[in-house]
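Visitor: I have a model to look at and some labels I would like explained. Could you take me through the reasoning behind them?

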Amino acid sequence: MAVPDGENPLVDAKQQGDFFVVWQPIYASITIAICLQDTVEASLMRAVLRTTMTALGGTVGFLVMLNGSLANNPYWVVSWVVAFSWLCGLLSPDRSLRYSLFLTVFSFNAVIICQYIGCCAVPGDPQVYGGKVISTLIGSTVAIGVGWMIFPWYGSERMLHDQAAALQAALGLLRDMHAEVEAAAAADRAVGIGGWLDRVEQDVQAPLARVVKDLDMNLIDRRQMPFTWHLLPEPAVLHMVQPALSALRDRLASAALVLGQDLFAVAGGPRQVVPGPVFRRVLPQLRGEEEGLFAALDQLVEACTANMAAGVAGSRLKPHRVAVEQAVAAAQDARVRLHRAYLQAQPAVLTAAGGHSAGDFACGAWLHAALRCTDEMVVAASMLLQDAAQDRDVLGGWVRAWRGQRAAPPV
């Protein structure tokens, strides 16, 4: 009933429409199931990959079957199937292209073999080609539409969330270190090791490692689709913030190492860090400045987290940008006040204590590392103030990126 008789065009059109509706949606359903991923970028990559490779293989197969005499010549058909499969097989050693090659060869062979009759000089039916390619295109469009407009979760949002989590964890770890050092100085005891390095690894390094993995894959896998991976590069803000957070992680690790073992202790002496007399005397004089710095850092991290989770871009991000700018200025001012107070208090407490001890050197090294941690937090926040950082993955920003108005990520 799918073959038109030519007597009634309306009936013929209905028959062909029924044929497409009854038999072809399976390709669209398969495509939707495969292409609908958890992020917009992943759905786009799979949809573009499946549609283009299906269209490529199907088009070549359709052209091979255009001539009715040749289309039913077994030698012609087998020769093309073998030759095309062999040519695609030449690229199969490159593992990154195997899925693309599979889609191309599968579509090519499906369009040819499903139309081969072996007699009657019947050319290939455009419905078979159209049903395969058009159904795949419809399925890809549905998958992109659902992921883009109904559940618009971008991979870059997940990466920004991980970066914000690393920043929050870094501040929490720095605060806990300070509380332990202050308590040890007040009780004249050794600073507890506290598993500081483990916390750096679990709370700060782990989310940054997830970001590195996502950035490396670029979510639109450039190896699978070398001519379309650049369609949706991730926003530049990810590449701008990541180095500063990596440096912050390293500074925290340095501070943790200083507290883990007193590298300044004399041979045969205790290896744990015990705050010396200079540090015990100077610390109470810095309490106000320290509280001010941590309050400023709390404001800074809160503003950065809100900025990175805003879900808006461009001018709509301005209030969050202003909040980060104010927090950066407050943190810089608090950091300078603390450093100045430390330098001013040093001469008097040094004279009163009669000189530095090994514990003073260790705690001084920790304080220096802690101040460098605050510097890296300020640097990471400052990256959010750059013009390039205002481009985020939102509906309009995604379209601009796809049109090539966003620079491709560095290779």
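Guide: Gladly! Let's start with a cut-off: buried means under 20% relative accessible area, exposed means over 50%, and partly exposed is in between. Keep in mind that this is a predicted model.

Visitor: What makes Trp76 count as partly exposed?

Guide: Its relative accessibility is 27%, and partly exposed is the class between 20% and 50%, so Trp76 counts as partly exposed. Trp80, at 32%, therefore gets that label too.

Visitor: And why does Phe62 count as buried?

Guide: Phe62 has 18% relative accessibility, and the limit for buried is under 20%, so Phe62 counts as buried.

Visitor: Why is the pair of Phe62 and Tyr129 called stacked?

Guide: The ring centres of Phe62 and Tyr129 are 5.0 Å apart, with the planes at 25°. Pairing needs centres within 6.5 Å, and stacked needs planes under 30 degrees apart, so this pair is stacked. Phe62 sits in helix H3 and Tyr129 in helix H7, so the pair ties together parts 67 residues apart in sequence.

Visitor: What makes the pair of Trp76 and Trp80 edge-to-face?

Guide: Here the centres are 5.9 Å apart and the planes stand at 65°. Over 60 degrees counts as edge-to-face, so that is the label for Trp76 and Trp80. Both lie in helix H5, 4 residues apart, about one turn of the helix.

Visitor: How do you know that H10 and H14 are roughly antiparallel?

Guide: They pack at an angle of about 170°, with axes 8 Å apart. Angles over 145 degrees count as roughly antiparallel, and H10 and H14 therefore earn that description. The residues of their contact divide into 19 nonpolar, no polar and 3 charged.

Methods:
Residues are numbered from 1 along each chain as its sequence is written. This is a predicted model: local features need pLDDT of at least 70, side-chain atom pairs count only at pLDDT 80 or more; totals for chains, interfaces and linings use all residues. Side-chain values use heavy atoms; hydrogens and water are left out. Axes are lines fitted to C-alpha atoms, for helices over the stretch in contact, and angles run from 0 to 180 degrees between N-to-C directions. Helices (H or I, at least four residues) and strands (E, at least two) are DSSP runs, numbered from the N terminus. Angles under 35 degrees count as roughly parallel, over 145 as roughly antiparallel, 65 to 115 as roughly perpendicular and the rest as oblique. Ala, Val, Leu, Ile, Met, Phe, Trp, Tyr, Cys and Pro count as nonpolar, Asp, Glu, Lys and Arg as charged, and the others, Gly among them, as polar. Rings of Phe, Tyr and Trp (its six-membered ring) pair if their centres lie within 6.5 Å; planes under 30 degrees apart count as stacked, over 60 as edge-to-face and the rest as tilted. Buried means under 20% relative accessible area, exposed over 50%, partly exposed in between (1.4 Å probe, protein chains only).
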